[in-house]
Amino acid sequence: MPAPPVSKPSHLSLPERGPAVTRARVDSVASTYGPQLRDAELDDLGPTEAWTVEGSNRANGYATHGLFRYFGKYPPPIGRELIQDHSAPGDLVLDPTGGSGTTGVEALLAGRRCRLFDVSPTALAVARAKTTPVCGDAAREALAQVVERYTPATATEYPLEPVGLRNPDHWFLPETADSLRGLHRSLHTLDDTPVRQLLHAAYLGAIRRCSRATTQQGRLFLDADTARTDTLDTFVRFSNRAIKGASALPTNGDVTVCAHDARQPLPLANGEQADFVFTHPPYFNAYKYSRINSLELAWTGVKPADVRRSEIREYFKIGKPENAAKYVNDMQGVVENCLDAVRPGGAVAVMIGDTRLQGTHIPVTRRIIDQVRETRRMEVEKVVLRIPRHTEASWVSSQRRTADKLGVPLCDYIVVLRAPQ
Ligand SMILES: C[S@@+](CC[C@H](N)C(=O)[O-])C[C@H]1O[C@@H](n2cnc3c(N)ncnc32)[C@H](O)[C@@H]1O
């Protein structure tokens, strides 16, 4: 029997706002997901819903969302629903682990002000590009100039080398490296404006696509067959898509993007308080962001190890359950900072996934909530089970193994906390 919706899917009539989210009562999916919620120790935390984002990956690339393939990005309609549920037009929305800026784009489209933070220069560059409107004609003219001024460049002709990569030749064919240098040189003849920022993000997108690393999963594995050798064409294609999205963004928005470690108190202007905070942090034992973005960091002169030092300790694939305590401590700090930044009575939503190690479910989400409860007054208002339809599920099936065996979570949880009045 199909799950009965508890609310009408919204925005079906507004394609530019992306696919609908179907919300169902969790008991309608209990036969499949009940055991997972019990293992996660979340079944007693409050009213629980199950959300599924409709539409293909392509359909979820509306506005500027498809500008860069940021592994670990959440489906944008989730942000849209949370922002609509917990804030009003003109309100201030915060995302302290903002990644590629999905929350910022959704806040902008919904007429909310937004502050995004992250520790990765790649994430910050992409988030700025995705949330800054540009004039389409000016951007197309700049792109034409970049193409016209482009010629491949050896390291002697243009001294740009990827930094912090152990073996750059492993990841880049010599002609791709020359093309990336040539593009970088040409891009930097443009004035430092939002248009250059946008084209720079398209350049960042072309790096992984033209590398010899797999494009199907975040972790870096050699997959030489998928490397594209037409770097300039790839860059132009990505740029055109970026220009189309960014030239249609609202021009009256207020979104800022800053480097900040979310374990430290969130830097808000004097007296400013958020109306709603949404954090989607790294998951325990899933992705190490400075590693999966190391090719883009390397070509922009940032050593991945320098980013690593500020990252939440997610213990990427080390596989030791005892490390979960350190992750939970870091995340306790992040969630406390979110609660401190939100206005009295405001909501903080945390979207997170558990993991399985050595066949055992590690309920980090529940542990974080319990630790925060010891230090802060707050209510758990709702737990949402987010059921993925595409990327993660298809990756698991492509490995011909179950999520349990691979140690990846197939569902994640959105826990909505309410600060006291
Ligand atoms: C799951 S991703 C967020 C993806 C984002 N929601 C999006 O749609 O693109 C987690 C992000 O947390 C960032 N991060 C890791 N440690 C951090 C820290 N200490 N402070 C702030 N951000 C951090 C990572 O760089 C990564 O971009």
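1. Valine 126 is a useful place to start. Leaving aside neighbours within four places in sequence, its contacts are Leu67, Phe68, Tyr70, Ser100, Gly101, Ala201 and Leu204. The model is a predicted one, and every remark below should be read with that in mind.

2. Val126 also belongs to the largest nonpolar core, a set of 115 residues. Together with Leu198, Ala201 and Val348, Val126 touches the most other members of that core. Helix H8 (residues 194-210) is the element that gives the most to the core, namely 10 residues. Where does this core lie with respect to the two domains? Domain 1 (5-132 + 250-418) and domain 2 (136-246) both give residues to the core, so the core lies between them. As a general background, nonpolar side chains in soluble globular proteins tend to be buried together.

3. The domains themselves come from the domain assignment of the chain, which gives domain 1 as 5-132 + 250-418 and domain 2 as 136-246. Their C-alpha centres lie 28 Å apart. At the contact between them, 28 residues of domain 1 meet 26 residues of domain 2.

4. Which helices supply at least two residues each to the side of domain 1 that touches domain 2? They are helix H4 (121-131), helix H10 (289-292), helix H11 (294-299) and helix H12 (304-308). H11 gives the most to this side, with 6 residues. By kind, the residues of this side of domain 1 divide into 16 nonpolar, 7 polar and 5 charged.

5. Strand E5 (residues 113-118) is mostly covered, with 6 of its 6 residues buried. Arg113, Arg115 and Phe117 point one way from the strand, while Cys114, Leu116 and Asp118 point the other way. Residues on both sides of E5 are buried, the two arginines and the aspartate included. The general rule is that in a regular strand the side chains alternate between the two faces of the sheet.

6. E5 pairs with strand E4 (residues 92-95) through 4 bridges, and the two run parallel. One bridge partnership is that of aspartate 95 with leucine 116 in E5. Between these strands the chain passes from E4 through helix H3 (residues 102-109) to E5, and this β-α-β crossover is right-handed.

7. E5 also pairs with strand E6 (residues 255-259), again in the parallel sense, over 5 bridges. Here phenylalanine 117 stands opposite cysteine 258 in E6.

8. How many residues of the crossover helix H3 are buried? The count is 8 of its 8 residues, and H3 is therefore mostly covered, a residue being buried if 20 or more other C-beta atoms lie within 10 Å of its own. The buried residues are Thr102, Thr103, Gly104, Val105, Glu106, Ala107, Leu108 and Leu109. The elements that cover them include helix H2 (76-86), E4, E5, H4, E6 and E7. Just after H3, glycine 111 takes a positive phi of about 75°.

9. Strand E8 (residues 342-352) is mostly covered too, with 8 of its 11 residues buried. Strand E7 (residues 274-279) is joined to E8 by 5 bridges, and the pair runs parallel. In that pairing, threonine 279 stands opposite valine 350 in E8. E8 is joined as well to strand E12 (residues 412-418), by 6 bridges, but this pair runs antiparallel. There, methionine 351 stands opposite isoleucine 414 in E12.

10. Two residues other than glycine deserve a check of their backbone angles. Glutamate 41 has a positive phi near 60°, and alanine 63 has a positive phi near 50°. Glutamate 41 is found in the loop between helix H1 (30-39) and strand E3 (48-53), whereas alanine 63 lies in the loop between E3 and H2.

11. Is each of these loop residues buried or partly exposed? Glutamate 41 counts as partly exposed because it has 16 C-beta neighbours inside 10 Å. Alanine 63 is buried, with 22 other C-beta atoms within 10 Å.

Conventions
Residues numbered from 1 in each chain as written. Predicted model: local features only at pLDDT ≥ 70, side-chain atom pairs only at ≥ 80, totals over all residues. Buried ≥ 20, exposed ≤ 12 C-beta atoms within 10 Å, placed from the backbone. Pairing = 2+ DSSP bridges. Right-handed = clockwise from strand over helix to strand, strands pointing away. Core = buried A, V, L, I, M, F, W, Y, C linked by C-beta atoms within 7 Å. Domains from an automatic or database assignment. Contact = placed C-beta atoms within 7 Å. Nonpolar A, V, L, I, M, F, W, Y, C, P; charged D, E, K, R; others polar.
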